[in-house]
Amino acid sequence: MSARHGIVLFGHGARDPRWAEPFERLAHKLRGQCGPDTTVGLAFLELMSPDLPSAVAEQAAAGCTTVTVVPVFVGVGGHIRRDLPAVIDQCRIAHPGVDIQCAAPVGEDDTVLDALAAYCLRQIGAVGDGR
């Protein structure tokens with residue numbers, strides 16, 4: 001059996017369940033692009049489930065030997081600087097046989113910012129076109 005890799009998209013969470021829809025769409029896109037040895041899941045810091053420890057536990061139970069947590073945060077504040085490292089440490093303690101990595105928040109990646117800038121520029125073009 002080959003090694004399985006897990007990806008957990010980690011978002012803040014909100015009271016309105018519709019808030020999670022873009023994250024669910026992103027997870028769906030990733031599932032379509034990843035191979036059969038990659039598991040894609042979602043986790044939330046608060047107000048929604050699953051939480052990060054539950055999502056990591058699910059991937060560990062599915063046989064993932066490596067789990068990469070991808071914080072889907074554009075801005076970086078206390079949740080990413082303080083809360084997330086503490087939860088990652090809890091997950092590492094709970095699953096010592098799993099290599100748990102944490103990527104930089106998506107908002108720190110220039111390609112993500114470039115995509116957001118392109119979106120903004122398309123909006124200016126849409127306004128200029130009378131749409």
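Which residue follows helix 2, and what is the sign of its phi? Keep that in mind as you work through the exercises below.

This is a predicted model, in which local features need pLDDT of at least 70 and side-chain atom pairs count only at pLDDT 80 or more, while totals for chains, interfaces and linings use all residues. Residues are numbered from 1 along each chain as its sequence is written, and side-chain values use heavy atoms, with hydrogens and water left out.

**Exercise 1. Get your bearings: list the elements of the protein in order.**

Step 1. Start with the count: there are 4 helices and 4 strands. Helices (H or I, at least four residues) and strands (E, at least two) are DSSP runs, numbered from the N terminus.

Step 2. Read from the N terminus, and the order is β-α-β-α-β-α-β-α.

Step 3. Place the whole in space: along the principal axes, the C-alpha atoms fill a box of roughly 55 × 35 × 30 Å.

Step 4. Back to the opening question: Gly63 follows helix 2, and its phi is positive, near 95°.

**Exercise 2. Find the face of helix 2 that is buried.**

Step 1. Pick out the buried residues of helix 2, which are Leu52, Ala55, Val56 and Gln59. Buried means under 20% relative accessible area, exposed over 50%, and partly exposed in between (1.4 Å probe, protein chains only).

Step 2. Look down the helix axis: these buried residues fall within an arc of 95°, so they line one face of helix 2. The arc is that of the directions from the helix axis to the C-beta atoms. An α-helix has 3.6 residues a turn, so residues three or four places apart point the same way.

Step 3. Turn to the face away from the buried side, where you will find the exposed residues Glu58 and Ala61.

Step 4. See what the buried residues of helix 2 pack against: strand 1, strand 2 (38–44), strand 3, helix 3 and strand 4 (99–102).

Step 5. Zoom in on Gln59, which lies in helix 2 and is buried, with a relative accessible area of 3%. Among the residues that Gln59 touches are Gly6, Ile7, Val8 and Val67; a contact means heavy atoms within 4.5 Å.

**Exercise 3. Describe the largest nonpolar core.**

Step 1. This core has 17 residues, and those with the most contacts inside it are Phe10, Leu52 and Ile100. A nonpolar core is a set of buried Ala, Val, Leu, Ile, Met, Phe, Trp, Tyr and Cys residues joined through side-chain atoms within 4.5 Å.

Step 2. Ask which elements give two or more residues to this core: they are strand 1 (4–11), helix 2 (52–61), strand 3 (64–71) and helix 3 (78–94). Helix 3 gives the most, with 5 residues.

Step 3. Follow Phe10 outwards: its contacts include Phe44, Leu52, Val69 and Leu84.

Step 4. Apart from this core lies another, of 11 residues, including Leu9, Ala20, Phe23 and Val40.

**Exercise 4. Work out what lines the largest pocket.**

Step 1. The pocket holds about 490 Å³ of space. On a 1 Å grid over the protein atoms alone, a pocket is an open set of points where a 1.4 Å probe fits, with protein on both sides within 12 Å along at least five of seven lines; lining residues have an atom within 4 Å of a point. Grid points are joined across faces, edges and corners, and the volume is the space filled by probe spheres set on the points.

Step 2. Name some of the lining residues, among them Phe23, Arg25, Lys29, Val112 and Tyr119.

Step 3. Sort the lining: 10 residues are nonpolar, none polar and 2 charged. Ala, Val, Leu, Ile, Met, Phe, Trp, Tyr, Cys and Pro count as nonpolar, Asp, Glu, Lys and Arg as charged, and the others, Gly among them, as polar.

Step 4. Trace the lining to its elements: helix 1 (21–33) and helix 4 (110–128) each give two or more residues, and helix 1 gives the most, with 5.

**Exercise 5. Spot the unusual backbone in the loop between strand 2 and helix 2.**

Step 1. Recall the background: most residues other than glycine have a negative phi, and most peptide bonds are trans.

Step 2. Check Leu47, found in this loop: its phi is positive, near 70°.

Step 3. Check Pro50, also in this loop: a cis peptide bond joins Ser49 and Pro50, with omega about 5°.
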